[in-house]
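User: I would like to learn how to read a structural model with some care. Could we take it feature by feature, with the general idea before the case?

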Amino acid sequence: MTRPGISHAAILKAHQRDQSGRNPDIMSHTMFVNLPVQDVERSKEFFTKLGFQLFGMGDEMASVVINDRTQVMLLAEPVFAGYARNPVAKPGDTTQVIMVIAADDREGVDALFEKAVAAGAQPVGEPRESFGRYQRAFTDLDGHHWEALCLVQPA
C-alpha cells in the first residue's frame, strides 16, 4: 500500500544513490537535531549502546553521529533552554518531533529496536508495515520518540 498520490517507485527513486553514494536529485546539507536531556552522561551511554559514535563531547553536550550528514546534539536542559525562544516541552508529556533512523532491511530495524529496549528505551506500539515501509518505535531515556524504518517491496 502506498500513500495516495505517491507511488512505491517514487519512494524508491527518492532513495537511489549515484556512485558517490548521494542522490543527485537532492541537495546535500548537514542536519543537526538538538534534543534537551536530563542527564548527558546517561544519554551518551544509551546512544553508545545503540552502536552510535559520539563527537564533540562536554559536560553539558554531546553529539551523536547518525551518519556523515546527520548528528543529534544532546544538550543539558538548561543549555537547550538557552537556545529556545519558547518553553522547553517535556518529551514524556508532549510529542513535538519523531526522529526516524533508516535501516537497510527488517533485520536492521529489529536490531536497532532491540538494542534500544535493552539499553532502557520504552517500546511504542507494535511493529508497523504500511506505505512501503516497515518500522518500529521507541522512546529514549528522556522520552523522545524515535523510530527505525526500512523500505519494503509491497506484497
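User: Which elements each supply at least two residues of the lining of the second largest pocket?

Analyst: Rolling a probe the size of a water molecule over the atoms shows where empty space is left. A pocket is, on a 1 Å grid over the protein atoms alone, an open set of points with protein on both sides within 12 Å along at least five of seven lines, a 1.4 Å probe being used, and lining residues have an atom within 4 Å of a point. In this predicted model, strand 1 and helix 3 (77–83) each supply at least two residues of that lining, and the largest share, 4 residues, comes from strand 1. Helices (H or I, at least four residues) and strands (E, at least two) are DSSP runs, numbered from the N terminus.

User: How much space lies in the second largest pocket, and which residues are the closest to its centre?

Analyst: The second largest pocket holds about 460 Å³, where a volume is the space filled by probe spheres set on the grid points, which are joined across faces, edges and corners. Of the 24 residues that line this pocket, those closest to its centre are Pro-36, Phe-80, Ala-89, Gln-96 and Val-97.

User: What should I keep in mind about numbering and confidence?

Analyst: Residues are numbered from 1 along each chain as its sequence is written. As the model is predicted, local features need pLDDT of at least 70 and side-chain atom pairs count only at pLDDT 80 or more, while totals for chains, interfaces and linings use all residues, and side-chain values use heavy atoms, with hydrogens and water left out.

User: In what order do the strands of the sheet that contains strand 1 lie?

Analyst: Two strands pair if DSSP finds at least two bridges between them. Here 4 strands form an open sheet in the order 1-4-3-2, with mixed pairing, and its edge strands, which each pair on one side only, are strand 1 (31–37) and strand 2 (53–55). From one strand to the next the twist averages 30 degrees, with axes taken as lines fitted to C-alpha atoms, for helices over the stretch in contact, and angles running from 0 to 180 degrees between N-to-C directions. Strand 1 pairs with strand 4 (residues 70–76) in the parallel sense over 7 bridges, and Phe-32 stands opposite Gln-71 in strand 4. Across strand 1, strand 2, strand 3 (61–67) and strand 4 lies helix 2 (residues 40–49), which runs at about 150 degrees to strand 4.

User: Which strands are the edge strands of the sheet with the order 5-8-7-6?

Analyst: That sheet is open, has 4 strands and is mixed in its pairing; strand 5 (98–102) and strand 6 (122–130) are its edge strands. Its neighbouring strands are turned by 20 degrees against each other on average, direction ignored. Strand 5 and strand 8 (residues 145–151) pair in the parallel sense over 5 bridges, and Ala-102 has Leu-149 in strand 8 as its bridge partner. Helix 4 (residues 106–118) packs on this sheet, touching strand 5, strand 6, strand 7 (133–139) and strand 8 (contact means heavy atoms within 4.5 Å), and its direction makes about 5 degrees with that of strand 7.

User: Is Thr-95 buried or exposed?

Analyst: Buried means under 20% relative accessible area, exposed over 50%, and partly exposed in between (1.4 Å probe, protein chains only). Thr-95 counts as exposed because its relative accessibility is 57%; its place is in the loop between helix 3 and strand 5. Thr-95 and Gly-143 are 48 residues apart in sequence, and their C-alpha atoms are 9.0 Å apart in space.
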